[in-house]
Amino acid sequence: MQKLLRAFLRHPSGRIGLTIIALYLLAAVLGTLGLTPRDPLKLFAIDRLKPPSANYWFGTDLLGRDTFSRLMVGIKQSMIIAFSSVALATLFGTIIGLLAAWWGTLWDGILMRIMDVLLAFPAILLALLIIAIVGPGTGTSVAAIAIVYTPIFARVVRGPALSLKQRDFVDAARTFGSSQPYILSRHLLLNLVAPLAVQVTLALAWALLTEAGLSFLGLGTQPPTPSLGLMLAESKNLMTQAPWLMIFPALTIMLGILGFNLTGDALRDILDPRTQRREA
Amino acid sequence: MNYVVQRLLTFPLILLGVSVLVFVSIRMVPGDAITAMLGTEAGLLTPAQRSALAAYFGIDQPVWSQYLRWLSGLFQGDLGISSIYGKPVLAIIIERFPLTLQLALMSMVIALSVGVPLGVFAATRNEKPSDLIVRMLAMLGQSTPSFVIGVLIIYVLSVFFGFVPAMGTFTPLFVDPLASIGQLIFPAITLGFAFAASVTRISRSAMLDVLSDDYIRTARSKGASQRSVVWRHALPNALIPVVTLSGVEFGYLLGGAVIVEQIFALPGLGRLVLDAITQRDYALVQGTVLFIAFNFLLVNLLVDLAYVALDPRIRIGGR
């Protein structure tokens with residue numbers, strides 16, 4: 001673990017990526033604890049559409065709400081949705097992929113064809129279909145992103161699990177009478193941590209993007225809870241009078257996604273020695 | 001089993017799965033279909049009128065027979081009637097599809113004509129400052145969602161150039177090609193931006209792979225110029241992963257135009273899906289989602305088949 005962290009800090013994009021993620025997590029924690037410079041929901045009616053100043057670091061919106069505080073709560077909202085949806089997708093995807101590989105033949109065929117059906121939809125469309133059924137909201141965003149990503153994790157796990165299953169040490173474990181759950185968790189899952197870790201980080205970047213996209217369309221987090229996508233969408237009509245309302249949410253979204261993408265790339269370089277020289 | 005045969009056999013199977021999923025998910029919407037269709041006016045119906053309507057739309061039948069009826073309708077091109085537009089769903093889709101198709105094609109042209117040269121350029125200058133800059137830009141591009149780029153483009157155009165991109169209207173390509181392309185150019189840049197970044201990354205790493213191959217060393221040792229080695233010997237092989245990426249991505253572009261069409265107020269297929277969802281027009285949701293998923297699957301199938309044609313190893317060895 002320490003070795004991994006050291007390799008990470010040597011890797012330039014890993015360093016930048018981890019710093020960004022750390023800052024975002026800090027903002028999310030402070031946002032959750034209510035430690036924002038101002039109340040993100042409070043209307044300061046006399047201070048409507050104020051440009052950035054010492055008082056309002058990133059300016060205020062049409063209703064006089066503080067952009068900086070709203071961004072912090074927006075980051076918290078994005079992080080909660082991204083982390084919980086990717087956690088669900090990892091859990092279900094890993095279980096499905098492992099079982100498909102372990103049981104083989106018929107079950108493999110059935111499970112993976114179901115995953116293929118889910119993969120037949122462009123991601124955003126599947127998310128929209130789910131929102132059409134359940135109605136928009138935070139929980140729906142989590143479920144939609146989790147369902148979109150589950151088949152991808154199932155595929156990432158199934159391939160390596162199939163080849164691990166035929167390795168000698170798994171055969172040996174079976175001969176010694178190890179139980180199936182033990183073999184699955186100990187011998188298969190532990191060896192899948194590296195590819196999973198890379199996929200999880202990249203999935204987090206994608207989940208942030210999708211969450212922002214859904215709330216940009218008005219189909220994600222519902223007001224008055226601040227969300228990055230909605231803040232950007234609302235800035236569209238005011239962009240000439242109050243460009244700060246657009247610039248800061250746009251940068252916040254980009255930087256967050258960049259942080260996870262950089263970290264994912266660094267992880268791939270470190271964990272997969274084959275690509276080390278080329279993509280470092 | 002032969003890969004091509006296997007692929008062709010599973011295609012209809014997955015398509016059937018997709019149709020079941022779309023059908024079942026729409027049936028899972030809370031509330032009954034008649035209320036959904038008529039809205040508040042449904043309250044004015046007498047029970048007799050209600051059951052007559054149910055019989056008319058066939059929703060008094062068991063679910064599986066409803067599904068079979070719907071499926072056999074699909075084969076005859078009958079996707080139902082939209083409640084917002086009062087027209088057959090298929091007719092609306094055919095009306096809206098050309099815009100989205102043209103938008104997707106234009107973004108693909110933009111992405112490839114920017115991404116491939118940049119990727120090749122970076123690969124030939126491996127680890128030099130120019131390579132690092134291209135890689136940084138590509139990483140940044142990949143991390144920028146289309147709606148951020150779209151909003152930024154509109155901002156820059158309107159504030160610095162006093163120009164507002166045409167919104168809400170669309171001239172078909174065959175009516176006035178120049179006007180049509182002009183209207184879609186900024187949406188296409190928006191949609192193609194992140195795609196260009198991934199093309200750059202993929203073509204760079206594919207090019208680096210190929211450049212270290214033995215046959216390239218052979219070409220160099222018989223005295224071929226750097227230019228000829230890169231563009232004539234290496235590029236064709238380096239393009240194979242780019243073709244795969246483009247195919248998958250093209251399917252996404254067809255469906256992912258939702259957000260871009262929303263930003264630029266373009267009357268395309270993506271906007272249609274969104275309107276159908278927000279206005280709860282379930283026949284339209286069902287039809288458009290199915291149509292987009294079908295296209296997505298078809299493009300992926302064609303890419304896989306093209307891949308087999310390009311790389312004979314797959315034909316024999318299976319996956």
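How far apart do the end C-alpha atoms of residues 79–102 of chain A lie, and is the span helix or strand? In this predicted model, the end C-alpha atoms of residues 79–102 of chain A are 34 Å apart, and the span is 100% helix and 0% strand.

**Annotated spans of chain A**

An unreviewed UniProt entry lists residues 16–35, 79–102, 114–134, 140–157, 188–209 and 244–264 of chain A under "transmembrane region". Two of these spans are set out below.

| Span of chain A | Distance between end C-alpha atoms | Helix | Strand |
|---|---|---|---|
| Residues 79–102 | 34 Å | 100% | 0% |
| Residues 140–157 | 26 Å | 100% | 0% |

**Helix packing within chain A**

Helix H2 (residues 12–33) and helix H11 (residues 244–271) of chain A have axes that come within 7 Å and cross at roughly 135°. H2(A) is therefore oblique to H11(A). The crossing in which H2(A) passes H11(A) is left-handed.

On the side of H2(A), the residues that meet H11(A) are A:Ser13, A:Gly14, A:Ile16, A:Gly17, A:Leu18, A:Ile20, A:Ile21 and A:Tyr24. Their counterparts in H11(A) are A:Leu255, A:Gly256, A:Leu258, A:Gly259, A:Phe260, A:Leu262, A:Thr263, A:Asp265 and A:Ala266. By class, the residues of this contact between H2(A) and H11(A) comprise ten nonpolar, six polar and one charged.

**The contact between chains A and B**

Chain B contributes 39 residues to the contact and chain A contributes 33 residues. On the side of chain B that touches chain A, the elements giving two or more residues are H1, helix H6 (129–142), helix H7 (146–160), helix H8 (177–211), helix H10 (226–263), helix H11 (269–278) and helix H12 (282–310) of chain B. The residues on this side of chain B are divided into 28 nonpolar, eleven polar and no charged.

A helix pair that spans the two chains is formed by helix H4 (residues 105–119) of chain A and helix H1 (residues 3–27) of chain B, which pack at an angle of about 65° with their axes 9 Å apart. H4(A) and H1(B) are therefore roughly perpendicular to each other. H4(A) passes H1(B) in a right-handed crossing. From H4(A), the contact involves A:Arg113, A:Asp116 and A:Val117, while H1(B) supplies B:Leu13, B:Ile14, B:Gly17, B:Val18 and B:Leu21. Five nonpolar, one polar and two charged residues make up this contact of H4(A) with H1(B).

Conventions. Residues are numbered from 1 along each chain as its sequence is written. Chains are lettered from A and ligands numbered from 1 in the order in which they are written. This is a predicted model: local features need pLDDT of at least 70, side-chain atom pairs count only at pLDDT 80 or more; totals for chains, interfaces and linings use all residues. Axes are lines fitted to C-alpha atoms, for helices over the stretch in contact, and angles run from 0 to 180 degrees between N-to-C directions. Helices (H or I, at least four residues) and strands (E, at least two) are DSSP runs, numbered from the N terminus. Angles under 35 degrees count as roughly parallel, over 145 as roughly antiparallel, 65 to 115 as roughly perpendicular and the rest as oblique. A crossing is left-handed if the near helix is turned anticlockwise from the far one by less than a right angle, and right-handed if clockwise. Two residues are in contact if their C-beta atoms, placed from the backbone, lie within 7 Å. Ala, Val, Leu, Ile, Met, Phe, Trp, Tyr, Cys and Pro count as nonpolar, Asp, Glu, Lys and Arg as charged, and the others, Gly among them, as polar. UniProt positions are given in the numbering used here, feature names are shortened, and annotations may be inferred rather than shown by experiment.
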